[in-house]
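Me: I have a structure here and want the reasoning behind some of the labels put on its residues. Please go through them one at a time.

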Amino acid sequence: LVLYDAGVDVWEHDVLGYLALSERGIFQRDLHVIDSCVEAGVPVACVIGGGYDRDAQALARRHGLLHRAVARVWQTRRMGSSVVGEK
């Protein structure tokens, strides 16, 4: 089991992170982590974390990148129904 803390304090303009990933870079990081876990057959549990911004909508958008990456892997790999419990 991989426990993945998809923090967004790595964003290039985060006031506390001091790193330099663009939003596209954060998405690519998340996509790589999720796809690698699926490819290896390893379960992955994800949480959002980090990120400091006075603009709550912008921060939420960055946190949403993880969910978009998971959806992309789900669709690309044709992993089944998009509704949990649906057959």
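The turns below take up a few residues of this predicted model.

Me: Why is H63 called buried?

Reply: The relative accessibility of H63 is 13%. Buried means under 20%, so H63 counts as buried. H63 sits in helix α2, which covers residues 56–76.

Me: What makes the approach of the H63 side chain to the backbone oxygen of G50 a polar contact?

Reply: The distance is 3.2 Å from the side chain of H63 to that oxygen of G50. The cut-off for a pair of N or O atoms is 3.5 Å, so the pair falls within it. Beyond four places in sequence, H63 is in contact with V8, I48, G49 and G50.

Me: Why is Y18 called exposed?

Reply: Y18 has a relative accessible area of 69%. Exposed means over 50%, so the label applies to Y18. Y18 lies in the loop between β1 and α1, and its phi is positive, about 55 degrees, although Y18 is not a glycine.

Me: How do you know that R78 is exposed rather than buried?

Reply: For R78 the relative accessible area is 76%; the limit to pass is 50%, so R78 is exposed. R78 belongs to the segment after α2. Its phi is also positive, near 50 degrees, in a residue other than glycine.

Me: Which residues touch the most other members of the largest nonpolar core?

Reply: They are Y4, I26, F27, L31, I34 and L66, out of 15 residues in that core. β1 (2–7), α1 (23–40) and α2 each give two or more residues to this core. Setting aside residues up to four places away in sequence, I34 touches Y4, V44, C46, L66, V70 and V73.

Note on methods
Residues numbered from 1 in each chain as written. Predicted model: local features only at pLDDT ≥ 70, side-chain atom pairs only at ≥ 80, totals over all residues. Heavy atoms only, no water. Helix = DSSP H or I, 4+ residues; strand = E, 2+ residues; numbered from the N terminus. Buried < 20%, exposed > 50% of the residue type's maximum accessible area, 1.4 Å probe, protein only. Polar contact = N/O pair within 3.5 Å; in protein donor to acceptor, adjacent residues only side chain to side chain. Contact = heavy atoms within 4.5 Å. Core = buried A, V, L, I, M, F, W, Y, C linked by side-chain atoms within 4.5 Å.
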